[in-house]
Each structure stands twice: as structure tokens, then as C-alpha cells.
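Good morning, and thank you for coming. Please look at the structure on the screen while I describe the surroundings of its ligand and then its nonpolar cores.

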Amino acid sequence: MPKTVHIIGAGISGLAAAVRLGNADFKLHVHEATQQAGGRCRSYFDASTDLTIDNGNHLLLSGNRHAVAYARSIGTEAGLVGPKRAQFPFVDLETGQRWQIDLGDSRLPLWVFDEGRRVPDTSLRDYLALAPLIWAGQGRLVGDTIPCHGTLYQRLVQPLLLAALNVDPPEGSAGLAGAVVRETLLAGGEACRPLIARDGLSAVLVEPAIKLLQDKGAGIHFGHELREFAMSAGRVDALKFGGEDAIAIGADDAVIMAVPPRAAASLLPGLETPSKFRAIVNGHFRFDPPPGMPPILGVIGGTVEWLFAFPNRLSVTISNADRLVEMPREELAQAIWQDVCKAAGVAGDLPPWQIVRERRATFEATPEQNALRPGPVTAWKNLFLAGDWTDTGLPATIEGSVRSGNRAADLVLAMRQDRRLKGS
Ligand SMILES: Cc1cc2nc3c(=O)[nH]c(=O)nc-3n(C[C@H](O)[C@H](O)[C@H](O)COP(=O)(O)OP(=O)(O)OC[C@H]3O[C@@H](n4cnc5c(N)ncnc54)[C@H](O)[C@@H]3O)c2cc1C
């Protein structure tokens, strides 16, 4: 029976694996290279705005059921907040037009039959033309599968798929886009309620998991970067963390590697992983949202794509943002603030701000890169992989991360079960 499980990486995938195994009475050690858990999903105190901010605004949908279950398992489901109905207000900055899509609260996408609830100036036929996405194969492009032009595309499909895939939708994987559509839009408004960790990503999705693991006696080791695996006889038998003795991995022990793809590829030479990435840019402004401002506003026709209203702060997300990575920070902050003013209907000089550019926010969700994602099983029988970039069938998302962590944990559980059956 595996007695100890070492989890490398304390991002959401590593934490999901740890929480699942912590509930199954394993002795756990989580090794995180940095001084903070959360990986690409974390909060920190920012001196420029004098606020605790997230590295990026993270949007979940109520249909992200594994992510929601993960929050429930660490006691923070109530920290994921959003409107009661799946309503998405939008503004077009070029025309000034504002509208709201109301997906309702049913389990079927009935809203497409109701002219008053669907995107203005669209017809039922436009929605039916999206159907091929639902069963598209992994190798196909979105651009070869559905119409990537017209009002419905510009006002709903493009913003949704851009946010989900983090690539310009036509170049994206139709298989990944189809998975998103099946689990959200096609599952009706009940699966599309937007959810935000209003009190911060770390407070809702990270710190409670660490606390729970510590309460169960897990060792959480920060500043503990795995440098090398030692393998023998088809299994990992030691972990090397530079500058100290190696940690021996016992005959019954297991390791889950939940690090990003570049780190994984260097730790396991020969492992095929996605190798191309796209940036996400977030702008945070210390500014009280005007009364009645929706918590999430879709923005068309500007640089900004989504505008989030938090207490004391307006924040924006820009996906597929490689074009903005080299732009001078102040210039970018000014450009974004202009969009924010128009979208939120506010005015004023640039308030205290912060720009966070995550250069390798997600792997490129193209068919080519999607084909490079490995499953959780490795050539070493006590080593399993987790991470949003493993083959989850979803783009790089919290939902995919949690699923990958759960899947790796289930393989460790199966290993224990197997040994029990064999009586060892
Ligand atoms: C700006 C931004 C916005 C996003 N928006 C959304 C969104 O709206 N909705 C959504 O669902 N998803 C969103 N995502 C994606 C989501 O954040 C990721 O899918 C998820 O956080 C990935 O988790 P992970 O555990 O797979 O990887 P990571 O978060 O990358 O975790 C890996 C961890 O491993 C550690 N590590 C690396 N090497 C080593 C080593 N050798 N030894 C020990 N530790 C190591 C790293 O420090 C890190 O903590 C966004 C991402 C970004 C960057």
C-alpha cells in the first residue's frame, strides 16, 4: 500500500490531488518551488494599488462541476459568488450599444428560442450553425467548423471562445471548444452562471486547501524546487531538491508531478508536452465601481475584453495578449483605462494601477499543441502527471486542473487497491 505520496507543485492541480488523497489517509508531502501556493491562480499584496489583487481575474462557470466540488471539499464553495441567473451584460465600445444575454436557469439552452433573451440581431438559424462544434474532432480548427463572422460570432462566440481557449478562435481546437460548449452553453443557464472568487483566488481556492492539508498532518514545503528524479527498475526511487540529501521514495510510495509543461519536460527528458504558450494581460485599477455596475461586463470593440467590478477595484482581462507583452506598461495602463472609463461609464485620470502580464498563461489551444498533451500515466509505475496541460479534454482552465489532479490521485488510489488485492 503506498504510504507516502509526494506532490510536486502546489498549483490548483497539485492541491486538488493532495486534498483528494488527504481524505484517503495517505501521508502527504507537497513540494512547491516558490514561496507561495496557487501557481497561476494566486493573490498577492500589490503596493502600487495598496490592494490584495489576483494575478489574473479568473472566471468559473457553474457547469465547472469539478472546480466547484473542489471548493466544496475545502469548505469554500460559498466564496464562489455570482448572479443568481446566467445573465451576461455586454457593451460595444465602437457603437456604444449595450445588451444582455439571459441564459436563464434551465438545464437546456431554451434561451436561444427566445428573441428577447438571445444576442440582439441574431436568429435561431445562427445558433443552429454552431452545432458542428458539439461533435467536432480534436484535429479540427474552430475556423473550419463554424462560421467565424457575423453578429452572433462577434457578440458571443468570439468573446466566449477567446476567453476559454486563449487563442484567436478560428485557429483554436474545435475539439476543445466543443467540450467547453457541451459543458456550458449546451447545458443551459444552470451550467453558465458566472462565478468569481470575490475575496481573492488565494483566500477561496488556495489557502483553505493548504490549511486543510496541514491540519491532516501533510508536510507543505515552500521554496522546495524538485531538480531531478532518480529512477531505477521502472520506478522513481528518489527526489533530488538541490543542496540537500535526496528524499528516498519507498516501495509503496508514489509521486504526482503537477508542474507546468516546461518544468515537466526538463524533469522528465523525452516527455512530450505542449511547447507553445499564449499570454494573458490583466489591468487592475484602484477605483470604486459605480453603483449598479454588474460584477462582470463583456466588452466588444476595444482592447479590454472583460471588465470585473470588485469592492475598491476595477479589473480587466485581455486574452491572447502576446501583442501587449512588450508594450510600455504606462502606455498600456492608459489605453486600458480609456476602455474602462467608456465601458463602466466613469471618468477621471488614471487611478493607482497595476498591470500583470502572464507570458505563459496557458498552452496554445490549437489542434497541433493539443495533440502533444500526455495522459497521467508515465513510463514509471509510481509517477503520475497532473496539470492543466495534461490531456484533460479541456483547455487550460481551473476545471481542467482540478480534473487532472483528481485523476492522478485516483491512479494512486487504484495502485493502493491493486496492492491490497494482491495481498502485498
Ligand atoms: C492571467 C490568467 C488568467 C486565467 N484565467 C482563467 C479563468 O478565467 N478561468 C479558468 O478556469 N482558468 C484561468 N486561467 C488558467 C488557470 O489559472 C490554470 O489553468 C491553473 O491555475 C493551472 O494550474 P496547474 O496546477 O495546472 O499549474 P500551475 O498553476 O502552473 O502550478 C504549477 C506549480 O508548480 C510549481 N513548480 C514548478 N516547477 C516546480 C518544481 N521543479 N518543483 C516544485 N514546484 C514546481 C509552480 O511554482 C506552480 O506553483 C488563467 C490563468 C492565468 C495565468
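By class, the shell around the ligand holds 15 nonpolar, 15 polar and five charged residues. Here Ala, Val, Leu, Ile, Met, Phe, Trp, Tyr, Cys and Pro count as nonpolar, Asp, Glu, Lys and Arg as charged, and the others, Gly among them, as polar.

This is a predicted model, in which local features need pLDDT of at least 70 and side-chain atom pairs count only at pLDDT 80 or more, while totals for chains, interfaces and linings use all residues. Residues are numbered from 1 along each chain as its sequence is written, and side-chain values use heavy atoms, with hydrogens and water left out.

Which residues come nearest to the ligand? Of the 35 around it, with a heavy atom within 4 Å, they are Ser13, Glu32, His58, Leu59 and Asp388.

Let us turn to polar contacts, here pairs of N or O atoms within 3.5 Å. A ligand oxygen lies 2.7 Å from a polar backbone atom of Leu59. For Asp388, an N or O atom of the side chain is 2.7 Å from an oxygen atom of the ligand. Taken alone, the ligand exposes 1,000 Å², and the protein buries 92% of that, by the Shrake-Rupley method with a 1.4 Å probe.

Finally, the cores: sets of buried (under 20% relative accessible area, 1.4 Å probe, protein chains only) Ala, Val, Leu, Ile, Met, Phe, Trp, Tyr and Cys residues joined through side-chain atoms within 4.5 Å. In the largest, of 56 residues, Phe229, Leu239 and Met257 touch the most other members. A second, separate core has 46 residues, including Ile74 and Val204.

Key
A polar contact is a pair of N or O atoms within 3.5 Å; within protein, one must be able to donate a hydrogen and the other to accept it, and residues adjacent in sequence count only if both atoms are side-chain atoms. Buried means under 20% relative accessible area, exposed over 50%, partly exposed in between (1.4 Å probe, protein chains only).
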